[in-house]
Every structure is written in structure tokens, then in C-alpha cells.
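Open the model in your viewer and keep the selection tool at hand. We will go stop by stop, and each stop says what to select.

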Amino acid sequence: MSENVQYDHLLGGNQELPGSIQLFHFTAARCKEIQTLKQSLVSSKGTKLAFQKLPTHMRRRVMSHNAKRLPQRLREIHLNQLKKSGLGTKQKRPSRKYRRRPQNLLAEYARRQRRCKWLETHIWHAKRFHMIEKWGYKLPYSPCDKAFRACYRASAKHCLLEDISYIGCIEITAQENYIIDQFSKICDKNVNMGIGAKAFISGRREGKLTLFTNGIPVTDVNFHWMPKNHNLTSTLWLWVHAASFNSILNLLINLFNLHFQNFTSRNCYKNCEDNVSLYDLRYELNRFRLTGPLSHAVLQRSLVPANLQNENIGDWFKSYINENLQNIFTNQIEYWKCLENISSVSEISPHIIIGLIANDPRYNMPKKRTKILTNNSHMPSLNIIESLPEYLSQSPIWSDSVRKYVKDNKVSSSYLCELRRKLLIPGTDLDVPPMLIPYLLVQRPGNRSGNIGFCSGWDIILPSGWAQPTWLTLIMYGARAGGLREAESISFEMGLPSILEPDTESGETEDVRCTNLYRQRYFNLPPNKRVNYNKFSITSPFECKWKVLLRDWNCFPIGAKRFYVLRDKKLLHMIQDTLSKNSQLGKLDVNFQVPYIVPVRLVLEKKGCPMRYSIICLPKQEDLQKGADIKELKKTDSNQAERSNLRFSHKLLLKKLSRYRKRCRLLGKDYIPKVNYIEEYKRKIENLWIPDVQSEIRQSCSREIIGWPLRLQRATSLRAPAWLEGPEKDYQQRKIRPGVWSRRTAEAIFPVLVN
């Protein structure tokens with residue numbers, strides 16, 4: 001065998017290669033080879049199909065026969081593959097529903113919002129989320145893909161984005177002292193600081209308040225003042241949850257003795273004697289929530305501060321600005337740029353409000369979705385972070401004329417796309433200058449103890465009409481969208497109480513809705529598939545009967561009409577200190593005049609996931625021993641024989657009615673259905689399955705019952721049963737062995753009694 005002939009002279013060959021080449025001439029000489037290589041990379045010559053090039057979460061089964069469900073860059077390749085395989089490439093004729101689509105789509109959307117209002121991001125969410133009807137809105141509940149763990153990772157390590165525009169805003173304008181005096185009548189100083197506290201009165205921070213009517217709690221609201229100016233009146237914004245918005249609105253109307261103004265285009269209520277005005281801003285403002293350590297980085301890239309020295313500045317800004325406001329807005333932008341490289345939002349002063357004037361976010365939107373990371377190489381000093389400029393929360397968004405102008409003069413997205421298409425060099429600036437948009441940024445510090453900074457982030461307040469562009473820009477910079485399920489999970493992980501407490505009107509409404517839903521699901525099952533709760537000594541499987549339980553514990557005084565959740569921070573700290581010292585609650589020198597239930601947090605050591613409406617019992621002495629087998633003994637059902645007899649007689653009645661119906665049909669007589677018999681049977685049989693117990697809940701099982709769980713942490717390793725919280729989707733429930741107490745490692749919030 002001959003030896004291999006070398007080519008390079010360094011290895012014994014006769015060819016000497018140059019030490020350097022000219023890149024331009026080298027590329028031009030091999031232009032055809034480069035073009036062929038590029039074409040081979042684009043075209044698919046292997047065994048992999050076109051839709052198999054996509055990541056797993058983007059694949060759909062319908063892609064195999066519908067090329068339009070693929071990205072545009074892969075459609076031609078997919079059609080060529082279909083031709084080679086002998087399958088037809090002709091698409092199916094559009095459905096009849098598509099052919100009958102409305103001519104005026106906006107009018108059709110307005111018609112569909114008569115019963116339930118939509119968020120401005122509804123169209124985006126409806127394509128990607130399970131939507132539910134709640135509190136008069138059509139709201140996103142959870143993503144369609146398996147995203148429970150991904151959303152948790154986003155809130156803990158990245159950025160989770162939520163549209164919380166269902167939290168409406170109420171504006172109150174009056175003299176400052178008059179507002180503070182009136183709100184003192186519906187607030188409790190032992191629960192929260194008042195709206196006149198020094199930390200909030202300047203308008204630099206957002207506060208939280210619990211409102212009461214006749215001593216009965218209504219709900220918790222967030223509030224912040226407009227920065228003080230030379231006007232004689234002050235302006236206060238209240239952010240109210242949709243479940244209690246009408247109740248709070250009626251409470252404020254009665255408090256300030258307001259009357260509706262018909263001659264204004266806005267929802268306005270006024271009291272001319274005391275010079276008080278109230279405006280409903282539900283449809284004039286939007287609110288987004290960013291949670292996670294990267295929320296600040298996403299917000300910094302999405303909202304680019306405006307150049308106030310530019311000659312092509314917006315028309316509304318020229319008429320709004322003056323020399324004093326020019327300096328204020330310049331200081332705001334400089335402070336916002338100083339915060340660019342902070343590692344976490346929790347490093348900023350808690351609950352501060354920053355006013356920001358930014359460019360149209362569509363001008364800053366990336367072409368592809370990118371993940372933004374923090375840059376900790378140039379950390380700002382602590383003095384810069386703590387030195388808050390004066391009038392930091394001043395913003396044009398407080399003016400209704402500015403909000404109306406930026407909404408009415410918004411440039412359409414289709415027009416911007418057309419301008420980009422006509423650019424000679426893609427990526428260059430457009431000839432049309434961006435519109436300036438006013439924003440308010442509210443800092444959320446997250447956990448202040450334990451895992452410090454967990455679930456910290458920003459709330460963005462923006463004018464209506466700009467929710468969709470801002471939302472898309474935040475998504476393109478790496479934020480992950482979440483729904484009501486994620487909001488509830490974050491609230492639980494932070495240890496915050498539920499906004500729908502059981503002693504409020506909205507909480508009672510939610511409890512009734514869940515009870516009816518659970519009962520309906522239970523009785524839709526055939527009798528042999530229903531859990532017989534009577535055999536497990538569970539007297540109230542689908543309802544938390546707090547009044548009955550309080551009466552059993554002799555905690556419901558004679559004449560008392562309702563119970564309350566203990567919110568007094570001083571008393572809660574006293575109870576916590578007493579429990580931490582292993583003392584008895586009876587040693588507390590406190591006289592409770594009304595029945596209270598206390599929210600507590602229990603940590604279960606072993607596996608398991610308790611379902612909603614499980615019971616919380618006091619353990620026996622033998623239960624505390626190591627290795628104890630904790631079980632509830634099965635009992636006999638005293639109603640079983642009566643149910644069988646009632647069902648047998650009902651079947652005989654149905655046969656009799658069937659014969660009578662056939663006889664009437666043969667004789668030509670009118671048959672009148674016996675609906676009352678059916679309804680009476682349904683009521684009796686349901687009462688035999690789940691008796692309506694009005695006493696003896698405390699001693700109903702072998703251990704004394706002290707409460708029920710209201711909020712449960714779902715295990716991330718399991719698919720959570722979504723019907724627990726009421727969405728219209730059925731998932732397979734996790735089965736727990738009957739007779740054994742289920743345990744779990746996560747934490748749960750349970751209300752118990754104060755005896």
C-alpha cells in the first residue's frame with residue numbers, strides 16, 4: 001500500500017498556503033458554495049418532519065394535516081413533505097361558523113360584553129387560558145398548557161405577569177381633613193394605619209386599609225394619595241376588588257352623602273355642600289402585576305423613559321408641562337435609571353410609587369421573545385436607592401384629560417407595521433415619533449420575614465387603551481403570564497390572608513357558590529359512586545358551618561347574629577406569644593365580647609394533600625405518641641334503610657306515572673307532569689345523604705372538631721383538581737384511602753376558634 005501524499009509543505013508536500021487572505025475576495029469566490037450550504041440548512045433532507053423541528057410545547061396534532069397551524073417559515077417545507085408522501089395538500093373548506101363570522105367584529109365584541117365585562121387583554125388570554133366568569137368579568141384562570149410548576153418558578157426565580165385590572169379604582173376629591181375624618185368612621189385603628197398616616201399622606205407610598213360598615217368588615221382596599229400641590233382639595237385613589245366593588249361604592253356614597261350626576265360623561269357622584277366628588281375609574285385605568293426577581297429587569301427594558309428635551313415631544317405634554325414639572329419629571333427619570341442594575345426589587349424602599357413618562361412600548365418591542373437577565377456589575381449605592389426625590393409619585397396619569405387624549409390619539413398597530421414594512425433598512429427608527437404614555441409604578445416588597453424578598457415585584461398602573469401593547473412588550477421580554485390560580489398560589493406562599501374572608505359579604509357569597517358547586521358535583525354521581533360521609537362521621541362535607549360550631553363550643557353569646565375574623569394585630573401577637581411559650585389561652589386577660597375565629601397556619605410533617613372542607617380536630621393523648629395509627633372508625637349509616645325504601649317507592653311511582661302517560665296518549669288526553677313529586681323526592685333523598693345538621697358538629701367524630709381549612713396549597717407534583725375553586729373544568733381527583741387522615745408537607749391556612 002502506497003503512502004499518503006501530503007499536500008501542505010509543512011508536512012512534506014509541495015503546496016505552500018498563504019499566511020493571510022482577504023475576506024471579501026474569499027467570500028465572493030465561494031458565494032455559490034455558501035448559498036448552497038445555507039439552502040441545505042433551511043431545506044429538510046433528513047427523516048425529521050417539519051413540525052418535529054418545533055419545541056414540544058408548540059406542537060399540535062392538527063399540524064399534520066393543517067399547514068396553517070405551523071409557523072410561516074415551515075409551511076412550504078411541510079407542504080412539500082405532504083406531496084412526497086402522497087397526501088393531499090388542499091385544505092378543508094372553512095366551517096360554516098367561519099363563513100358566518102360578523103362583519104363588524106368590534107360590535108360583536110361589545111354585544112358579548114353585556115353580561116360579563118372583558119379585560120383589555122381578553123383576546124390574548126382567551127387563546128391561551130381557561131376562562132371563567134367571576135365577579136362580573138371574564139377572567140383567565142389557568143394556562144391551557146401544563147404550567148403550574150413553570151408559573152411557580154417564574155414567580156420565584158424569573159418574572160410572572162398578571163392582569164389584575166378587575167381591581168377597580170375609585171377617585172375621591174375633597175379637602176384632606178374632611179376625607180380623613182370621614183374614613184375614620186369606617187376604619188379600625190387596631191387593624192391598620194389610617195389613610196392620614198404620615199407614611200401615606202405625602203403620596204409617596206401605597207397603603208392598605210380594611211373598611212367596615214356598622215362594625216361589619218367589607219373588604220381590604222389599597223389606597224394612595226395624589227402628591228400635594230397648590231390646590232385646596234386633595235385626591236385619593238382606592239383600589240377595590242371586583243367582588244366587593246359595588247358594596248364599597250355604595251358605602252362611600254352613603255358616607256359622603258353623594259348624588260349621581262347625569263350631565264357628565266363620566267360616572268360621577270357629587271356633594272356640592274361639602275365640595276366632594278367621587279369618580280368611578282374602573283374603565284379608565286388598568287393594572288398589571290409583575291412578580292419575581294427579574295420583574296425589575298423586564299420592566300426596565302420594556303418601559304423606556306421619554307427624552308423630555310426632544311423637539312418632537314407629544315402635544316399633550318407640551319400643554320401639560322411647565323418649568324416646575326419639567327424638573328420633577330427629569331428627577332424621576334434619573335432616579336429610575338439609577339435603579340437599572342439593582343439585583344432585587346425588595347432592595348428599594350417598600351411600597352413607594354414612581355411616576356414615569358415612557359415611550360410607546362411597541363417601539364421597543366423585540367422581534368423575538370428574549371429572556372432578560374440582571375446586570376449586577378454596576379450596583380448603585382445604598383444612598384442613591386434610599387434618597388427618594390421629592391414628588392416622586394407625580395404623574396400626568398392623575399389628569400383625566402391626559403388619559404383621554406392618549407387613548408383617543410393612539411396610533412394603531414397595523415399602521416406601525418405598515419411603516420416598518422416600508423423601511424429601506426429594517427430595524428431603523430420610524431419617521432413617526434412615539435407617543436408619550438404616563439405610568440405609575442408601585443413597588444411590592446414581598447416577604448419581610450423568613451424568605452426575605454420572596455414574591456417581590458412591581459404593580460403598573462396605566463391608562464385604558466394601552467393595556468394590550470404594554471402586555472405584549474412585557475411578554476416579549478420574558479415575562480410569563482399567569483391567571484387567578486397563580487395569584488392565589490402566590491398569596492398563599494407569602495402567607496397573606498384571603499381577600500374573601502368568611503365574615504364578609506363577598507366571602508359568604510363565595511362560600512355559597514362553592515357549596516352549591518360541590519353539592520351539584522356530588523349528587524351528579526350515581527349512588528354507588530358517592531362517598532357515604534355518614535359512615536365517616538362527617539356531618540358537613542360541603543359547608544363550613546361556623547355559627548353551629550361556635551354554638552357547640554359555647555362561644556356564640558345569646559343575641560349575637562354573626563361571627564368575626566380576628567384582625568386586631570395586638571391580640572394576634574398576644575395569642576402567638578402565648579402559643580410560642582406553651583401557655584394556655586385561658587391565661588390571656590382578654591374578654592371577647594363577640595365570637596371570633598382566628599386564622600392560623602398548620603404545617604403537616606408527612607405526605608398527603610387534604611381536600612377542601614376537611615375537618616380539623618384536636619388530637620387525643622395517644623395520637624401524640626410516636627408511631628400512632630391515627631384513624632377514624634367507620635360507623636353505620638342510620639339513613640341507609642330509609643334511602644332504600646324511598647328509592648324503591650320512587651321507582652314504583654315512576655312506573656305508575658309512565659303507565660298513566662301512555663294511557664293519556666292513547667285516549668288523546670293532556671298529560672300534566674307531576675313535577676312536585678320529583679322535586680320533593682330530590683329534596684328528601686339529598687337530605688338523607690347529607691343531613692342538614694344544626695348542632696353537635698363539635699362531637700360528631702371521635703375527636704373534637706375546631707375548624708375547617710379555607711385555603712390549601714396544592715402539591716406541585718400532582719395535577720391539582722381545578723374544580724376545588726370553581727372553574728368549569730373536570731380533572732381527575734386524587735384518591736385518599738378512607739379512614740386515614742391525609743397529611744402533607746406544605747403549609748395551609750386554617751381558621752380555628754377562640755375559646
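Helices here are DSSP runs of at least four residues, numbered from the N terminus. With that in mind, note that this is a predicted model.

**Stop 1: helix H1**

Select residues 23-29. This is helix H1, and Phe26 sits in it. Is Phe26 buried or exposed, or partly exposed? Its relative accessibility is 37%, so Phe26 counts as partly exposed, because that label covers values between 20% and 50%. Now add Ile21 and Leu23 to Phe26. Together these three make a nonpolar surface patch of about 320 Å².

**Stop 2: the whole chain**

Zoom out and colour by secondary structure. The chain holds 23 helices and 21 strands. Of its 755 residues, 44% are buried. The exposed area is about 45000 Å², and carbon and sulfur atoms supply 51% of that. Next, think about contacts between residues at least 6 apart in sequence. In this chain, 75% of them join residues at least 24 apart.

**Stop 3: a three-strand sheet**

Select strand S1 (117-118), strand S2 (129-134) and strand S3 (residues 137-143). They form an open sheet in the order S1-S3-S2, with mixed pairing. S1 and S2 are the edge strands, and each pairs on one side only. Look at S2 and S3: six bridges join them in the antiparallel sense. For one bridge, pick Lys134 and find its partner, Tyr137, in S3.

What holds such strands together? Strands of a sheet pair through backbone hydrogen bonds, either parallel or antiparallel.

**Stop 4: a six-strand sheet**

Now display S13, S14, S15, S12, S4 and S16. These six strands make an open sheet, in the order S13-S14-S15-S12-S4-S16, and the pairing is mixed. Which strands stand at the edges? They are S13 and strand S16 (480-481). Each has a single partner strand, so one side of each has no neighbour in the sheet.

Start at the S16 edge. Strand S4 (residues 160-163) runs parallel to S16, and two bridges join them. Select Leu160: opposite it in S16 stands Arg480.

Move on to strand S15 (residues 457-463). How many of its seven residues are buried? Seven of the seven are, so S15 is largely enclosed by the rest of the structure. Two strands to check against S15 are these:

- Strand S12 (residues 285-291) runs antiparallel to S15, with seven bridges between them. Thr291 stands opposite Gly457 in S15.
- Strand S14 (residues 436-444) is also antiparallel to S15, with five bridges. Here Val442 stands opposite Asp459 in S15.

Turn the sheet edge-on and look at the side chains. In a regular strand they alternate between the two faces of the sheet.

**Stop 5: the nonpolar cores**

Select Ile354, Leu441 and Ile460. These have the most contacts inside the largest nonpolar core, which has 52 residues. Add helix H13 (residues 323-338). With six residues, H13 gives the largest share of this core.

Centre the view on Ile354. Leave aside its neighbours within four places in sequence. Its contacts then include Tyr335, Trp336 and Leu339. Leu392, Tyr439, Leu440, Leu441 and Trp458 also touch Ile354.

Another core, of 32 residues, lies apart from this one. Among its members are Phe523, Phe556, Trp689 and Cys701.

**Stop 6: a buried loop residue**

Follow strand S13 (353-359) to the loop that leads to helix H14 (382-386). Asp360 is found in that loop. Its relative accessible area is 3%, so Asp360 is buried. The cut-off for that word is under 20%. Which residues does Asp360 touch, not counting those up to four places away in sequence? They are Leu416, Pro434, Met435, Ile437 and Trp466.

**Stop 7: two positive phi angles**

Select Asn257, in the loop between helix H10 (245-256) and strand S9 (259-260). Asn257 is not a glycine, although its phi is positive, about 55°. At 47% relative accessibility, Asn257 is partly exposed.

Finish at His351, in the loop between H13 and S13. His351 too is a residue other than glycine with a positive phi, near 60°. Its relative accessibility is 32%, so His351 counts as partly exposed.

Key
Residues are numbered from 1 along each chain as its sequence is written. This is a predicted model: local features need pLDDT of at least 70, side-chain atom pairs count only at pLDDT 80 or more; totals for chains, interfaces and linings use all residues. Side-chain values use heavy atoms; hydrogens and water are left out. Buried means under 20% relative accessible area, exposed over 50%, partly exposed in between (1.4 Å probe, protein chains only). Contact means heavy atoms within 4.5 Å. A nonpolar core is a set of buried Ala, Val, Leu, Ile, Met, Phe, Trp, Tyr and Cys residues joined through side-chain atoms within 4.5 Å. Patches are made of residues with over 30% relative accessible area and no salt bridge: like charges are joined within 9 Å, nonpolar side chains (Val, Leu, Ile, Met, Phe, Trp, Tyr) within 5 Å. Accessible areas come from the Shrake-Rupley method with a 1.4 Å probe; for residues, only the protein chains shown count as cover. A salt bridge is a side-chain nitrogen of Lys or Arg within 4 Å of a carboxyl oxygen of Asp or Glu. Two strands pair if DSSP finds at least two bridges between them.
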